[in-house]
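Trainee: Got a minute to go through this one with me? I would like the overall layout, then a few local details.

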Amino acid sequence: MYRNGIISVSDSVFWVGAQDRTTDKFEGMWSIPHGVAYNSYLLTGEKNILIDTVKEHFIGGFLDRIAEALAGRSLDYVVVNHMEPDHSGSMRVLRDVYPNAKLIGNAKTAEMMKNFFGISEGIVTVSDGEAVELGGRKFVFVFTPMVHWPESMVAYDATDRILFSSDILGGFGATDGGIFDDEADMNMAVGEMARYYVNIVGRFAAPALKALAKVRTLDIGIICPAHGHVWRTEPGRVIDIYEKLSRQETDEGVVVVYGTMYGNTAAAAERIASDLVKNRVPSVHMHDIARSDISQVTTDIWRHSGLILASCTYNMELFPPMARLLRHLENKNMKGRYAGLCGTFSWAEASLRELSAFVERSKGGWTHVEPKILIKSGLKASDCALCETLSSNMARAIKG
Ligand code: FEO
């Protein structure tokens, strides 16, 4: 059965992946309003080699595309760069359809293959940096542990100078018709790449930097990631973007995130944001944490040097949507940024205390900008004066 066609990356390399526009939450958590691509590639020649698979839900069209690209030839190898099921999910069915295809991974891959799918036969394990010739193609397998799982690796086809980079250098967003960088809406592609990086890879920024340093040593003509676009025009650009994100290099700007029930905390946040603009902060972004998408809030915070957290108290604790954000930010282990704090309450203060504890737990990851603002119920003239002071101090801090 013919469904969506294969797409040629080169004369002998074909995209056979899947475009997912139906999943609401990636990893069961992260909004993907623009979908996501699960990229898989088939390399044809003396030996036919598949790079990764797709999420199990998309197995039908995936098998059709493989069959179309193979045109009656055998499938000899499947390179398993990563075992997270968005890439390995079709493995069991693939093994049933192509029982003679050998799987290529590392020792950790083999263990996960057994645990996920009960597959323990026909697996070839490689070591970090190992060069392997497959049907006239010379591959080098480079381990990239924790980007995004311990077994993660990338496959470099030295014959065609193509890097199959797995999660690293990928992004959210199904690709719209064309899969290549020169066919993409680049603003959308880079924005979705940042949102993917921060929420999926960001916790592992240090391993990502090590992986990127390894990748930099390769002579790369085309980058074929497991998500997002194929970078054939500017492969270096996507590495630059990933390096900036991994170094936690920020742009000058402030994200104001507030949690409010009846508008009093929102009023303080609006006041602070307005004062930041008056202080010529070049980029100010506001989020109502009960309504904004947490993956976008976190991405904006990652990309900017300043953060204002303003929250009400709820049932003698921090407002729950704000508490959820703080847990997420702590998991990301952000460094080198400035935070200003504003807590509100009416009869049992907790918000400012918990916001302060968040900054203290970061052990210098967040530098606190004075003054801490504590507002009882409504915003008063004295509170507005403190908001002005906090904004001017924050503007000064982020401008160095
Ligand atoms: Fe796209 Fe970590 O899987």
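Mentor: We can take the whole chain, then one helix packing, then some single residues. This is a predicted model, where local features need pLDDT of at least 70, side-chain atom pairs count only at pLDDT 80 or more, and totals for chains, interfaces and linings use all residues. Residues are numbered from 1 along each chain as its sequence is written, and side-chain values use heavy atoms, with hydrogens and water left out.

Trainee: How many helices and strands are there in the protein?

Mentor: The protein has 12 helices and 24 strands. Both are DSSP runs, numbered from the N terminus: helices are H or I with at least four residues, strands are E with at least two. The C-alpha trace spans about 80 × 40 × 35 Å along its principal axes.

Trainee: And what share of the residues is buried?

Mentor: Of the 400 residues, 57% are buried. Buried means under 20% relative accessible area, exposed over 50%, and partly exposed in between, with a 1.4 Å probe and protein chains only.

Trainee: Which domains is it divided into?

Mentor: Domain 1 covers 7-246 and domain 2 covers 251-398; the bounds come from an automatic or database domain assignment. Their centres, taken over C-alpha atoms, are separated by 38 Å. At the interface, 14 residues of domain 1 are in contact with 13 residues of domain 2, where contact means heavy atoms within 4.5 Å.

Trainee: Now helices. Is H5 largely enclosed or not, and why?

Mentor: Helix H5 (residues 186-201) is largely enclosed by the rest of the structure, because 13 of its 16 residues are buried. Its N-terminal end is capped by Asp-185, with a side-chain oxygen 3.2 Å from the backbone nitrogen of Asn-187.

Trainee: At what angle do H5 and H9 pack?

Mentor: H5 and helix H9 (residues 294-303) pack at about 95°, with their axes 9 Å apart. That makes H5 roughly perpendicular to H9, a label for angles of 65 to 115 degrees; under 35 is roughly parallel, over 145 roughly antiparallel and the rest oblique. The axes are lines fitted to C-alpha atoms, for helices over the stretch in contact, and angles run from 0 to 180 degrees between N-to-C directions.

Trainee: Which residues make that contact?

Mentor: Among them are Val-190, Ala-194 and Val-198 of H5, and Thr-298, Thr-299 and Trp-302 of H9.

Trainee: Different topic. Where is Thr-23, and what does its side chain make polar contacts with?

Mentor: Thr-23 is in the loop between strand E3 (18-20) and strand E4 (25-26). Thr-23 is buried, at 17% relative accessible area. Its side chain makes polar contacts with the side chains of Asp-20 at 2.6 Å and Lys-55 at 3.1 Å. A polar contact is a pair of N or O atoms within 3.5 Å; within protein, one must be able to donate a hydrogen and the other to accept it, and residues adjacent in sequence count only if both atoms are side-chain atoms.

Trainee: And Lys-108, what does it touch?

Mentor: Leaving aside neighbours within four places in sequence, Lys-108 is in contact with Pro-150 and Glu-151. Lys-108 is in helix H4 (residues 107-117) and is partly exposed, at 46% relative accessibility.

Trainee: Last one: is Ser-356 buried or exposed?

Mentor: Ser-356 is buried, with a relative accessible area of 8%. Ser-356 sits in helix H11 (residues 351-361) and touches Leu-341 and Lys-372, not counting residues up to four places away in sequence.
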